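Got a few minutes for some structure exercises? Have a look at the model below, try each task, and then check the worked solution.

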Amino acid sequence: MQLKITVVAGDGIGPEVTREAVSILRAVAELNGHQFTYTDMPIGGVAIRQHGSPLPAATLDASLASDAVLLGAVGGNEFNSLPPSQRPEAGLLQLRQALGGFANLRPSIAYPALAGNSPLRPEVTEGANILFVRELLSGLYFGSPRSWNKDTGVALNTMYYTREEVLRVARVAFEQARKRRKKVTSVDKANVLEVSQLWRAAVTEVAAEYPDVTLEHQYVDACAMHLMNTPRNFDVVLAENLFGDILTDEAAVITGSLGMLPSATVGGKVNLYEPVHGSAPDIAGTGKANPLGAILTAAMLLRHSAGLEQDALAVESAVNNVLSQGHRTTDIARSGQPGQQSGQHIVSTQEMGKLVFAALHEIFNRKQALHAV
Ligand code: IPM
Ligand code: MN
């Protein structure tokens with residue numbers, strides 16, 4: 001298996017977590033004889049500083065010429081006063097648009113080992129396993145007109161969707177549901193917004209093509225509450241761009257930390273893989289960042305761009321094993337527990353990466369031993 005991967009590590013904790021994700025990909029390639037190549041390119045704040053643009057042409061060209069793009073995070077406090085079009089985030093949005101992936105898959109899983117780390121009671125989160133399908137290329141993020149007129153004191157964004165845009169992302173959600181527990185919850189605000197009424201009508205149209213999948217509609221405000229009250233009731237959650245952005249951060253509470261959540265963006269020319277968390281400038285360079293979101297993102301890359309389902313599962317098992325052994329970055333450690341307490345062992349970003357690496361080797365060795373007999 002050959003795979004050309006463009007690595008855009010970006011800002012803040014992006015480079016440190018991406019490094020660990022790449023070393024896991026290297027391990028998988030080496031253990032199973034795949035040929036993966038990696039090209040590092042700048043994006044976001046680091047690209048603004050070096051090249052005056054959050055998405056330099058060379059980064060875009062390399063990304064378009066690759067089989068998959070692995071992103072760390074973008075954003076930094078020094079850019080906070082700039083208009084949206086000049087911020088690091090603009091580079092990510094331009095990259096998403098150019099690569100064309102419109103369906104952003106964001107799993108949110110309650111890992112048994114982390115049951116005590118969520119502020120939600122274990123009996124509430126137990127067994128929760130949700131796949132968010134977030135529309136990524138339309139809605140308020142990309143709709144025009146958009147403006148902020150400082151003279152008149154009026155600002156404007158446009159929530160825009162076409163029926164086609166909803167149909168295509170809804171199909172992805174129903175296809176995913178078919179491989180899971182066959183239920184789609186579509187999120188909207190159809191009691192207020194015309195765009196949501198179109199959304200609901202188009203999703204209902206697609207549902208007719210999938211009689212084996214149950215469709216329910218929820219208003220976004222109610223959904224935000226149900227996610228915390230009864231997370232087990234959800235299978236696939238389908239949401240427009242901004243609602244999906246908000247609900248997936250909220251759903252991190254089910255897992256225990258935003259640092260755990262991976263994502264894959266599919267449906268375009270080149271798939272884009274990025275953890276859900278941001279650049280976390282406050283902890284960048286301190287070794288506190290959780291690399292598991294990035295590592296699980298690498299697993300999604302193996303699954304969706306390389307078709308290596310077994311290898312993806314092996315990486316996910318390795319993460320599970322490391323968590324079960326009690327290793328924790330600070331974000332997933334129970335507060336007030338320095339060092340080794342209650343079976344928890346606090347580790348750095350790099351140590352966590354190494355532990356997953358070792359667990360992965362163990363899984364592959366065991367597999368080989370089984371094949372040998
Ligand atoms: C995310 C992030 C991005 C988004 C930002 C960095 C532009 O919050 O991937 O969830 O809003 O899509
Ligand atoms: Mn977000």
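Three exercises follow, each with its solution.

This is a predicted model, where local features need pLDDT of at least 70, side-chain atom pairs count only at pLDDT 80 or more, and totals for chains, interfaces and linings use all residues. Residues are numbered from 1 along each chain as its sequence is written, while chains are lettered from A and ligands numbered from 1 in the order in which they are written.

**Exercise 1. Work out whether the radius of gyration of the chain agrees with that of a compact globule.**

Start with the rule: 2.2 Å times the number of residues to the power 0.38, with the radius taken over C-alpha atoms. For 373 residues a compact globule would come out near 21 Å, and the chain has 20 Å, so the two agree. Next, the box: along the principal axes, the C-alpha atoms fill roughly 65 × 50 × 45 Å. Finally, burial: 49% of the 373 residues are buried (20 or more other C-beta atoms within 10 Å of the residue's own, C-beta atoms being placed from the backbone).

**Exercise 2. Split the chain into domains and find which element gives the largest share of domain 1's side of the contact.**

First take the bounds, which come from an automatic or database domain assignment: domain 1 is 1-109 + 256-373, and domain 2 is 119-254. Their centres, over C-alpha atoms, are 24 Å apart. Then count the contact (C-beta atoms, placed from the backbone, within 7 Å): 20 residues come from domain 1 and 19 residues from domain 2. On the domain 1 side, α4 (88-99), β4 (103-109) and β11 (264-266) each give two or more residues. Here helices are DSSP runs of H or I with at least four residues, strands are E runs of at least two, and both are numbered from the N terminus. The winner is β4, with seven residues.

**Exercise 3. Follow helix α1: how does its span compare with the expected one, and what covers its buried residues?**

Begin with length: α1 (residues 14-32) has 19 residues and reaches 27 Å from first C-alpha to last, close to the 27 Å expected at 1.5 Å a residue (that is, 1.5 Å times one less than the number of residues). Then list buried positions, among them Val17, Ala21, Ile24, Leu25 and Val28. Their cover includes β1 (2-10), β2 (35-40), β3 (68-73), α10 (292-304), α11 (309-324) and α12 (349-372). Last, step past the end of α1: Gly33 takes a positive phi of about 70°.

Methods: Two residues are in contact if their C-beta atoms, placed from the backbone, lie within 7 Å. A residue is buried if 20 or more other C-beta atoms lie within 10 Å of its own, exposed if 12 or fewer, and partly exposed in between; C-beta atoms are placed from the backbone.
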